[in-house]
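Trainee: I'd like to learn how to read a protein–DNA model. Could you walk me through one?

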Number of protein chains: 2
Amino acid sequence: MTHFVKDQDCTKCDLKSNLFCFLTDNQLDNINESRLEVNYKKGEVLFKKGGPLTHIICISKGMVKICLENNNGKQVLLELIKPVEFIIGPGFLIDEHHHFTVSAIEDTRACFIDIRIFKEVISKNSEFLMELIKYLNKHIIRHSDKISNLAHKHMHGKMADTLLYLADEVYHSDTFETFLSRQDLANISAITKESSIRILKEFKDDGIIDFNNMRFEILKKDSLLQISKNG
Amino acid sequence: MTHFVKDQDCTKCDLKSNLFCFLTDNQLDNINESRLEVNYKKGEVLFKKGGPLTHIICISKGMVKICLENNNGKQVLLELIKPVEFIIGPGFLIDEHHHFTVSAIEDTRACFIDIRIFKEVISKNSEFLMELIKYLNKHIIRHSDKISNLAHKHMHGKMADTLLYLADEVYHSDTFETFLSRQDLANISAITKESSIRILKEFKDDGIIDFNNMRFEILKKDSLLQISKNG
DNA sequence: GAATAATTATGATATATATCGTAATTAGCA
DNA sequence: TGCTAATTACGATATATATCATAATTATTC
C-alpha cells in the first residue's frame, strides 16, 4: 500500500494534483496511519447520495463519475474524477452526508481518509485551508458555468460542451477512448439518451467528429467550439 | 459609518449572519480601517462579470441579485443577498475576477473590504477559514440542487421552486412584497418572461397563490411543494 | 459458440416551451 | 395631469425535445 508523499515539484501542486503537499510530515503521518485502500469494479458505487459522509477519498487508479440524483432517479453527471484527485463532499462541515452519488466507470482504486482525522489535521494548517478554498471556488465556478449552460443552451450546444470537456479536461486529447455509455454522455449533457445518440450521429455526418463504439475523435474543434458558443 | 462588531449571540453565527465574529479584535480593526461604504440605487450594478475582484462585500441594507451571464446576454438569477450577508466571489484565490454580475434590486448599502487585507487577515485565522469552507460548501450544495432542478424539472416545477425559495429563504413569510420583476422571476426559474407570467396566472387560477402586482401570497403550500417535487 | 441481455440506433408522434405579435396595464417623468 | 416608456398579459404559431416503439448491433453468460 503506497503512502501519500509530498509532490517533489510543488509548482504543479494545484488542487487537481496533490493537495497533500501542503501538509507537514507529521500531519501526513497522521493521515497515512488511518488510511484505507479500496478496489472497485466498473459500475460499483463508492458513495451514495444521502449516505453518511465519513471519509474523503483520493482516486489513485481508474475513474469515477460524480452524479446528482433527484427523487425520480434521474441523474446529472457532474464531473469525472481521475488519479490523482480528491473528492471532498460538500456535506463536509455542513450536514456530514453525501449530496452526490459516486461510482466507478472503470476498475478503480480509492484511498479513504477518516473525516475526523482530516478535519483535525487541516484545522491547524491555514495553508492547506487556503488551498481547500481554492479547490471549492474552482468547483463553484465550474458549477455556475454548468447552470448557465443548462439554462440557455440547446441540445447541440450541450453535447458540444460535453465533448470538449472530455477532450480538454478529462482525456487531454482530441482522440480518446472512453468507458462512458451514451446514457452517461446524455447525463453529462442533461438530455435524453436518444437525443445524445442522434446528435452524435449528426456531428459525425457533418464531419465534426468521428467515432466507432467508445472511441471518439474530434475532427473540427472550431465547429464544436462554435456550436458550444452559439448554444 | 458603522463598524463591524462581533455578534453578541454567537450561536446565530452561521455564515448567513456575521462571518466576522470569528475574527479577533485586532483583525477586526484591520478590516474596519480599510472599509468603504457605498450606496446604490435600485438597478445599479455593484460587480460586473469579468471585472476585477478587488473587494469582497457585505450587504448592510437593501437587496442585491447575483446573476450568471452568458455570451448572448442571457441571464440566470442565482441568488438574492440581503443584510447581513457577504459576497465573496469564487474568483477569490483563483483568477481574481468576477464570475457573477451583482446588482441592486432595491436601494442598497454595501461595505467594501479590500481583498488583500481580507486575504492577509484570514490566512492567519484557521477558525475563520473553516467557516469560509462551510460557506462555500453551502453554496456548492445549493448550486448542485439548482443544476438538478434545471436539468429535469418542467416550467411549473421550476416556478414552484422559485416561489418556495422566495417565501422560505428570502422573505421568510408566505406573504411577501418583492422588488423582483416577472423577468427576474423568469431568470430565477430559467424560463422565459412570458412563461413565468402564464404559469403565475395558472397558479392564481388554481388558487395555489394570489398576487397583485408585486405582492405575492402562497395559499396552498402543499400544492406548491407537490408541483416542485414532481417537476 | 450459441443464447440472452444490454446497448446503440432510428423513426413517428406527442408535448413542452420559446418566439412573435399585440393589447392592457402600470410606472416614470415633464 | 397628461404623455411616454416600461412592464405585464395573453393568444397564435413554430420549434425543440422527450417519449414511445422497434430494429440492429454489441456485450455477457452459460
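**Reading the DNA surface**

Mentor: Sorted by class, the surface near DNA strand D has four nonpolar, five polar and seven charged residues. Here Ala, Val, Leu, Ile, Met, Phe, Trp, Tyr, Cys and Pro count as nonpolar, Asp, Glu, Lys and Arg as charged, and the others, Gly among them, as polar. Before we go on: this is a predicted model, where local features need pLDDT of at least 70 and side-chain atom pairs count only at pLDDT 80 or more, while totals for chains, interfaces and linings use all residues. Residues are numbered from 1 along each chain as its sequence is written, chains are lettered from A and ligands numbered from 1 in the order in which they are written, and side-chain values use heavy atoms, with hydrogens and water left out.

Trainee: Which residues are the closest to DNA strand D?

Mentor: A residue is near a strand if one of its heavy atoms lies within 4 Å of it. For DNA strand D, 16 residues qualify, and the closest are His154(A), Met155(A), Ser195(A), Asn213(A) and Lys201(B). Of the strand D atoms within 4 Å of the protein, 71% are sugar and phosphate.

Trainee: Which elements supply at least two residues each of that surface?

Mentor: Helices are DSSP runs of H or I with at least four residues, strands are runs of E with at least two, and both are numbered from the N terminus. Near strand D, α6 (193–205) of chain A and α6 (193–205) of chain B each supply at least two residues. The largest share, five residues, is from α6(B).

Trainee: What polar contacts should I look for?

Mentor: Look for a pair of N or O atoms within 3.5 Å; within protein, one must be able to donate a hydrogen and the other to accept it, and residues adjacent in sequence count only if both atoms are side-chain atoms. On strand D, a polar side-chain atom of Arg198(A) sits 3.1 Å from a base oxygen, and one of Arg198(B) sits 3.2 Å from a base nitrogen. Arg182(B) uses a backbone N or O atom, 3.2 Å from a phosphate oxygen.

Trainee: And what surrounds DNA strand C?

Mentor: There are 17 residues around DNA strand C, and Lys201(A), His154(B), Met155(B), Ser195(B) and Asn213(B) come nearest. The largest share of this surface, five residues, comes from α6(A). Ser195(B) has a polar side-chain atom 2.7 Å from a phosphate oxygen of strand C. Arg198(B) places a polar side-chain atom 3.1 Å from a base oxygen of strand C, and an N or O atom in the side chain of Glu194(B) is 3.5 Å from a base nitrogen.

Trainee: How many degrees of turn lay chain A on chain B?

Mentor: Copies are superposed by least squares on the C-alpha atoms of residues with pLDDT of at least 70 in both. A turn of 180 degrees with a shift of 0.0 Å along the axis lays chain A on chain B, with an RMSD of 0.0 Å. That is the relation of a two-fold axis.

Trainee: Is His98(B) buried or exposed?

Mentor: Buried means under 20% relative accessible area, exposed over 50%, and partly exposed in between, using a 1.4 Å probe and protein chains only. His98(B) is buried, at 7%. His98(B) lies in the loop between β6 (85–87) and β7 (101–104) of chain B, and its side chain reaches the backbone oxygen of Pro52(B) at 3.5 Å.
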